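Here is a short briefing for a first look. Please keep the structure in view while reading.

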Amino acid sequence: MKSPHLKISLLAAALALAGMTASGFAAQEIATETWNPGGGEQDEALHLTPDLANGIDVYEVCSACHLPEGWGLPDGTFPQLAGQHRGVLIKQLADIRALNRDNPTMYPFALPESIGDAQAIADVVAYIEKLPMNPEPGRGPWEPGTPDFEKGKQLYADNCVKCHSETGMGDVEKFYPRLNGQHYNYMLRQFEWIRDGRRRNSNPEMVKQITNFSDDDMKHVINYTSWIPVPKEQLAPSKDWQNPDFK
Ligand code: HEC
Ligand code: HEC
C-alpha cells in the first residue's frame with residue numbers, strides 16, 4: 001500500500017498540473033477566439049512545401065493591384081507585400097478568405113475558385129516574401145530631426161516596440177507584421193481601423209495599447225513608423241527596378 005505521504009505529494013502534483021492546464025487553456029482561448037484562430041487553411045499553408053513556379057503564376061492575379069514588384073502604391077491604396085513575413089502573409093490571406101478581415105476589393109480575387117487551395121497560398125507567399133522591397137515607400141510629412149518626428153518616435157518607443165520591435169521588423173514567430181517599408185497612408189488606415197474595432201482580425205493587446213490614441217498621436221506614431229529604414233540587403237537596387245518575372 002502507498003504511504004499517505006506519497007498520496008499527498010501525488011495530490012499536490014495533480015493539483016499543480018490541473019492549475020497549469022486551466023491557465024494554459026484560458027490563455028489559448030483568448031488567442032483562438034479573438035485573434036489568431038490558427039488551424040484550417042492557415043496551418044495547412046504554413047506546413048506545405050511551396051512550388052515557386054506556381055507561385056509566380058498565382059501572383060499574376062495579385063500583380064494587378066499590388067504591382068508586379070509587390071510594392072503596392074505609395075498613396076497607400078494597396079499595401080506593399082514584398083518582404084513581409086511568410087506567416088503574416090499567410091494569416092492575412094486566410095483571414096481575408098474566411099471573411100475574418102474585410103477586404104471587398106480583393107476578396108473575389110483571393111478565393112479558392114480564383115487562385116486555388118492552401119497550396120496556392122503557400123506558393124504565392126513563398127514568391128512574395130523574397131521580392132526585393134521598394135526603396136521609396138510612401139512616407140509621412142515630418143522628416144527625421146523635426147519635433148513632430150521626435151514626438152512619433154517617443155510614442156513608438158513607449159507603445160509599439162515590444163511587439164513590432166525597434167527596427168520595425170515585427171516578430172516572425174508570433175505573426176506580428178513588419179512595418180518598416182510599409183506605406184504611410186496604408187498604415188494610417190489600418191491603425192485607425194484597429195483602434196476603432198473595424199479590423200476584426202486585429203490583436204486585442206494592440207487594441208488595448210492604442211485605445212487612448214488621439215488622431216494626432218496616431219499621425220505622429222505612423223509618421224515615425226513610415227521612416228524606419230528597411231535593411232539595405234532587402235531593398236531593390238532602385239525605385240525604377242522592374243520585376244523580370246513579369247516583363
Ligand atoms: C483588386 C485589387 C487586389 C487584388 C487583385 C489583390 N489584392 Fe491584396 N489587397 C488589396 C487591398 C486594397 C488591400 C488592403 C485592404 C485594406 O486596406 O484593408 C490588400 C491587402 C492584402 C494583404 C494584407 C497585407 C497586410 O500587410 O496585412 C495581403 C497579404 C494581400 N493583399 C495579398 C494579396 C494576394 C496574395 C493577392 C493575389 C492572390 C492579392 N492580394 C490580390 C487589393 C488587391
Ligand atoms: C501586443 C502587440 C502589439 C502592440 C503593442 C502593437 N501592435 Fe501593431 N499589430 C500587432 C499584430 C499582432 C498585428 C497584426 C494583427 C492581424 O493579424 O491582423 C498588428 C498590426 C499592425 C498594423 C497593420 C499592419 C499591416 O500590415 O496591415 C499596424 C500599422 C500596426 N500594427 C502599428 C502599430 C503601432 C504604430 C503600434 C504602437 C502604437 C502597435 N502597432 C502596437 C501587434 C501589436
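The shell around ligand 1 holds 16 nonpolar, 5 polar and 1 charged residues by class. The model shown is predicted. The protein chain has 12 helices and 0 strands.

**Around ligand 1**

- The shell around ligand 1 counts 22 residues, and the nearest are Cys-62, Cys-65, Gln-92, Met-106 and Phe-109.
- Two or more shell residues come from each of α3, α4 and α5 (107-110).
- α3 supplies the largest share of the shell around ligand 1, namely 6 residues.

**Around ligand 2**

- Ligand 2 is surrounded by 25 residues. The closest are Cys-160, Cys-163, Asn-203, Glu-205 and Met-206.
- Four elements give two or more residues to the shell around ligand 2: α9 (161-164), α10 (184-195), α11 (204-210) and α12 (215-227).
- α11 gives the most to the shell around ligand 2, with 4 residues.
- Sorted by class, the shell around ligand 2 has 13 nonpolar, 9 polar and 3 charged residues.

**The chain as a whole**

- Along the sequence, the pattern reads α-α-α-α-α-α-α-α-α-α-α-α.
- The protein chain has 247 residues, and 33% of them are buried.
- Take the contacts in the protein chain with a separation of 6 or more. Of these, 79% join residues 24 or more positions apart.

**The nonpolar cores**

- The largest nonpolar core has 28 residues. Leu-89, Ile-90, Ile-121, Val-124, Val-125 and Ile-128 have the most contacts inside this core.
- At least two residues of this core come from each of α3 (52-66), α4 (86-97) and α7 (118-129).
- α7 provides the largest share of this core, 9 residues.
- A second, separate core has 11 residues, including Leu-155, Tyr-184, Leu-188 and Phe-191.
- Which residues does Ile-90 contact, leaving aside its neighbours within four places in sequence? They are Gln-42, Ala-45, Leu-46, Ile-121 and Val-125.

**Helix α7**

- Of the 12 residues of α7, 11 are buried, so this helix is largely enclosed by the rest of the structure.
- The buried residues of α7 are Ala-118, Ala-120, Ile-121, Ala-122, Asp-123, Val-124, Val-125, Ala-126, Tyr-127, Ile-128 and Glu-129.
- The cover over the buried residues of α7 includes α2 (40-47), α3, α4 and α6 (112-115).
- How far apart are the end C-alpha atoms of α7? They are 16 Å apart. This agrees with the expected span of 16 Å, at 1.5 Å a residue for the 12 residues of α7.

**Gly-138**

- Gly-138 sits in the loop between α7 and α8 (147-159).
- Is Gly-138 buried or exposed? Gly-138 is buried, because 20 other C-beta atoms lie within 10 Å, and 20 or more is the cut-off for a buried residue.
- Gly-138 and Gly-181 are 43 residues apart along the chain. Their C-alpha atoms are separated by 8.3 Å.
- Not counting residues up to four places away in sequence, Gly-138 touches Pro-74, Asp-75, Gly-76, His-183, Tyr-184, Asn-185 and Ser-226.
- Tyr-184, one of these contacts of Gly-138, is also among the residues of the second core.

Terms used:
Residues numbered from 1 in each chain as written. Chains lettered and ligands numbered in written order. Predicted model: local features only at pLDDT ≥ 70, side-chain atom pairs only at ≥ 80, totals over all residues. Contact = placed C-beta atoms within 7 Å. Near = placed C-beta within 6 Å. Nonpolar A, V, L, I, M, F, W, Y, C, P; charged D, E, K, R; others polar. Core = buried A, V, L, I, M, F, W, Y, C linked by C-beta atoms within 7 Å. Expected span 1.5 Å × (residues − 1).
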